[in-house]
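Me: I'm new to this one and would like a close look at a single part of it. Could you walk me through the largest pocket, then what surrounds it?

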Amino acid sequence: MIIELLKLEDYSKCSSIWDMEKHKELADKFYQELLSGNRITYICKDGDEFIGKISLVQEMNDLDYTIQNQRVYVSHLIVKPEYRRLGIGKMLINFITDKAKELGYTEMSIGVDLDNYPALKLYIDCGFNKVIFIGEDEQGKYVKLLKTI
């Protein structure tokens, strides 16, 4: 398995990881962020198959999530179901932590639904150990977590 920077021309291949048609508005938003340079996405590949992805977003217009030159937002960590529980999520978080450090950030934030226990456990195990916000939106209750890097 390798992790590499997503090439813009390969963005549509991410549909093998998540349902981009079902979530077209979100997929379009992510694409625009990639175009602008605000979103940096890395892909985990097994051979030529896209099996996971993770992004850094530099500006979210939400100080819980991003502070210029200090805090970056970790976005849309997703691993194909058949590859889950193999350590790929942890590998992607460790990889993106190194990338955030290289970019000069000292903090990383992430949001997670409170009923997504596997993701919540993963993030806490990977050092997202400070709760900065608990709230609720149309998808349910969620928490914003912070990690110092």
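Reply: Happy to. One thing before we start: this is a predicted model, so read every value below as computed from that model.

Let's begin with the aromatic residues, since they lead us to the pocket. Y142 is buried, because its relative accessibility is 15% and the cut-off for buried is under 20%. A search of the whole structure turns up six aromatic pairs. One of them joins Y123 and F128 edge-to-face, with the ring centres 6.1 Å apart and 70° between the planes. Y123 has a relative accessible area of 6%, so it is buried. F128 is buried too, at 0% relative accessibility. Y142, where we started, forms a tilted aromatic pair with F133, at 5.9 Å centre to centre and 40° between the planes. F133 is partly exposed, with 32% relative accessibility.

F133 also has a charged neighbour. The charged end of K144 sits over its ring, 4.7 Å from the centre. That charged end of K144 sits over the ring of Y65 as well, 4.6 Å from the centre of that ring.

Now for the pocket itself. The largest pocket has a volume of about 1500 Å³. It is lined by 42 residues, and the closest to its centre are L77, G111, N116, A119 and Y123. So Y123, the edge-to-face partner of F128, turns up again here. Several elements give two or more residues to the lining: helix 1 (24-36), strand 4 (71-79), helix 2, strand 5 (107-113), helix 3 (117-125) and strand 7 (140-148). Sorted by class, the lining has 21 nonpolar, eight polar and 13 charged residues.

Take G111, another of the residues closest to the pocket centre. You'll find G111 in strand 5. It counts as partly exposed, because its relative accessibility is 26%. Its C-alpha is 8.6 Å from that of Y73, although the two are 38 residues apart along the chain.

Strand 4 is another contributor to the lining, and H76 is found in that strand. H76 is partly exposed, at 22% relative accessibility. The C-alpha atoms of H76 and L56 are separated by 8.8 Å, with their positions 20 residues apart along the chain. The backbone of H76 is worth a look too: phi is near 55°, a positive value in a residue other than glycine.

Follow the chain on from strand 4 and you come to the loop that leads to helix 2, where R85 is found. Phi of R85 is near 65°, again a positive value in a residue other than glycine. R85 counts as exposed, because its relative accessibility is 81%.

That brings us to helix 2, which also helps line the pocket. Helix 2 covers residues 88-102, 15 residues in total, and reaches 21 Å from its first C-alpha to its last, close to the 21 Å expected at 1.5 Å a residue. Its buried residues are I88, G89, L92, I93, I96, T97 and A100. Why might a list spaced like that make sense? An α-helix has 3.6 residues a turn, so residues three or four places apart point the same way. Just after helix 2, G104 takes a positive phi of about 95°.

Methods: Residues are numbered from 1 along each chain as its sequence is written. This is a predicted model: local features need pLDDT of at least 70, side-chain atom pairs count only at pLDDT 80 or more; totals for chains, interfaces and linings use all residues. Side-chain values use heavy atoms; hydrogens and water are left out. Rings of Phe, Tyr and Trp (its six-membered ring) pair if their centres lie within 6.5 Å; planes under 30 degrees apart count as stacked, over 60 as edge-to-face and the rest as tilted. Buried means under 20% relative accessible area, exposed over 50%, partly exposed in between (1.4 Å probe, protein chains only). A charge sits over a ring if NZ of Lys or CZ of Arg is within 6 Å of the ring centre and within 35 degrees of the ring normal. Helices (H or I, at least four residues) and strands (E, at least two) are DSSP runs, numbered from the N terminus. The expected span of a helix is 1.5 Å times one less than its number of residues. On a 1 Å grid over the protein atoms alone, a cavity is a set of points where a 1.4 Å probe fits but cannot get out, and a pocket is an open set with protein on both sides within 12 Å along at least five of seven lines; lining residues have an atom within 4 Å of a point. Grid points are joined across faces, edges and corners, and a volume is the space filled by probe spheres set on the points. Ala, Val, Leu, Ile, Met, Phe, Trp, Tyr, Cys and Pro count as nonpolar, Asp, Glu, Lys and Arg as charged, and the others, Gly among them, as polar.
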